[in-house]
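Colleague: Thanks for sitting down with me over this one. Could you walk me through the model, a piece at a time?

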Amino acid sequence: QQSSAETSLSLARSHELFAEAQTLLPGGVNSPVRAFRGVGGAPIFIDRAEGSYLYDVDGNRYLDYVQSWGPMILGHSYPSVVQAVTEASQRGFSFGAPTQAESVLARLVIESVPSVEMVRFVNSGTEATMSALRLARAYTGRSKIIKFSGCYHGHADMLLVQAGSGVATMGLPDSPGVPAETTANTLSVAYNDGDAVAELFRTYPNEIAAIIVEPVAANMGLVLPQPGFLERLRTLSSQYGAVLIFDEVMTGFRVALGGMQERVGMTPDLTCFGKIIGGGLPVGAYGGRREIMQLVAPLGPMYQAGTLSGNPLAMAAGIATLNELRQPGQYERLEQKGQLLSEGIERVLYDQKIPAQFVRIGAMFCLYFSAEPVTNYASARRSDTAHFASYFWQMLERGIYLPPSQFEACFISLALTNAQLADTVAAVSAVLKKQD
Ligand code: PLP
């Protein structure tokens, strides 16, 4: 199988820049997965991006299925977003005082996601989940939280728990530097295991403040909720007086305008957002029931603040992006693009008898090199990561930029044309045939 060392791409300038970056930044990057450790070799340094394409510093061009890890659903440098950010920047970058744009974006979020009655903007998805959990604890007066192994909710200490096998693992930190005391109240169970959640509520009936869940798990590849799983979380949290938090940082405004909760017809108590609502600028948000949100300072006692929160440029990018997404037919178009890709790739897998799992919902997908269906972190971890690494580099050579890890989801943007999707399927077919 092919590795990065054998790629025929010319990447000399990327390699030079990476060598320099490694002397200045830990691992040469500012977020670990960018370093390509999941596939070996060195990362590609990007020069610019437009529409569905990324251009690297060596002059190579790639169809982009990473989309900055989700935000760029319209494609890169989308004209109305560029214009909105340019205009906002000419009026000043940040004031630390209220602007109307914050209410405009808040209204767009509230109108699109019915469970959200009030919203607070922050600067990242990490801040959104961290703050939502503080709020859930403030509201319930309880300390314990339930999360699911393989779900990522950002890098706040208490959430850096993925847990190993077994039904329930009392929080053991995933990273040095996280004191065990900090994660002692984090209970972690397998995704799609409603029985394990019920068992935790029976064990700690009056101690669990919240369940936090990715309604589609997109940080272990792509794992869909099995029928009834999310509904069971709703029932149990209501029964025991816990707050149900949907982390829609990834799925919000991606799988539907109203996120996964719209697709499953559910009403979580709180929702976390990020990525798309900032159109590529740093933003996060949490929102939900007014009764809970009114505990947030200064209206209520739960403290949470930010120098750059509600930043005018980020609000402008978010408003322009959501306005485009609210145009009729956008999600139908994304679904149609997703279907083209699904049909093509599934046919390749069938014809070539490749033991792999193609998973897709709307404009997100993942190809697992695994013979078994993937339903949770344990089964995701059994996929063949060496095969994935080889596939990744050969796709790159054919001009397709995928996330450099088996455990990340791929994203489809509105900028991808049907011809480009067909080219992608052809590349998958050629790469898998060669590997056979
Ligand atoms: N929640 C989910 C579901 C995510 O996918 C991510 C990031 O990928 C986060 C939270 C953290 O967001 P950020 O990287 O903006 O802090």
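Modeller: Gladly! Let's begin with a strand pairing: M364 has F411 as its bridge partner in β15. Please keep in mind that this is a predicted model.

Colleague: How many bridges join β13 to strand β15, and in which sense do the two run?

Modeller: The pair of M364 and F411 belongs to this pairing. β15 covers residues 410–411. The two strands run antiparallel, and the number of bridges joining β13 to β15 is 2.

Colleague: β13 has another neighbour as well. What is the bridge partner of Q357 in β13?

Modeller: β12 and β13 run antiparallel, joined by 5 bridges. They make a hairpin with 2 residues between them, and G362 in the turn has a positive phi of about 55°. Across this hairpin, the bridge partner of Q357 is Y368.

Colleague: Which residues of β13 point one way, and which the other?

Modeller: Burial does not separate the two groups, as 5 of the 5 residues of β13 are buried. F365 and L367 point to one side of the strand. Pointing the other way are M364, C366 and Y368.

Colleague: Let's zoom out to the domains. How far apart do the C-alpha centres of domain 1 and domain 2 lie?

Modeller: Domain 1 is made of 9–77 + 328–435, while domain 2 spans 79–325. The C-alpha centres of the two lie 25 Å apart.

Colleague: Which element gives the most residues to the side of domain 1 that touches domain 2?

Modeller: In this contact, 26 residues of domain 1 meet 31 residues of domain 2. Elements giving two or more residues to the domain 1 side are α11 (330–351), β12 (357–361), β13 (364–368) and α12 (377–381). That side divides into 18 nonpolar, 8 polar and no charged residues. With 4 residues, the element that gives the most is β13.

Colleague: Y331 caught my eye. Which residues does Y331 touch, leaving out those up to four places away in sequence?

Modeller: Y331 lies in helix α11. It counts as buried because 20 other C-beta atoms lie within 10 Å. By contrast with its contacts, L270 is 61 residues away along the chain from Y331, with 24 Å between their C-alpha atoms. The residues that Y331 touches are A256 and L257.

Colleague: Now the ligand. Which helix gives the largest share of the shell around it?

Modeller: The ligand is surrounded by 15 residues, the closest being S124, G125, T126, G154 and V249. By type, the shell divides into 4 nonpolar, 9 polar and 2 charged residues. The largest share, 3 residues, comes from helix α4 (residues 125–140).

Colleague: I always check backbone angles. Is F36 buried or exposed?

Modeller: F36 is found in the loop between α1 (12–24) and β1 (46–50). Its phi is near 70°, a positive value in a residue other than glycine. Since 20 other C-beta atoms lie within 10 Å, F36 is buried.

Colleague: And how many C-beta neighbours does W69 have inside 10 Å?

Modeller: W69 sits in the loop between β3 (61–64) and α2 (79–90). Although W69 is not a glycine, it has a positive phi of about 65°. W69 counts as partly exposed because its number of C-beta neighbours inside 10 Å is 19.

Colleague: Which residues does the cis peptide bond join?

Modeller: Most peptide bonds are trans. The place to look here is the loop between α9 (290–293) and α10 (312–325), where P298 is located. Omega is about 10° for the cis bond, and the residues it joins are A297 and P298.

Colleague: What stands at the edges of the sheet with the order β1-β2-β3-β14?

Modeller: This is an open sheet of 4 strands with mixed pairing. β1 pairs with strand β2 (residues 53–56) in the antiparallel sense over 4 bridges, and in β2 the bridge partner of I46 is D56. Each edge strand has a single partner strand, so one side of each is left without a neighbour in the sheet: these are β1 and β14.

Colleague: One last item: how far does helix α13 reach from its first C-alpha to its last?

Modeller: Helix α13 covers residues 385–397, 13 residues in total. Its buried residues include F388, Y391 and W393, and just after the helix G399 takes a positive phi of about 80°. The reach is close to the length expected at 1.5 Å a residue, namely 18 Å.

Terms used
Residues numbered from 1 in each chain as written. Predicted model: local features only at pLDDT ≥ 70, side-chain atom pairs only at ≥ 80, totals over all residues. Near = placed C-beta within 6 Å. Nonpolar A, V, L, I, M, F, W, Y, C, P; charged D, E, K, R; others polar. Domains from an automatic or database assignment. Contact = placed C-beta atoms within 7 Å. Buried ≥ 20, exposed ≤ 12 C-beta atoms within 10 Å, placed from the backbone. Pairing = 2+ DSSP bridges. Expected span 1.5 Å × (residues − 1).
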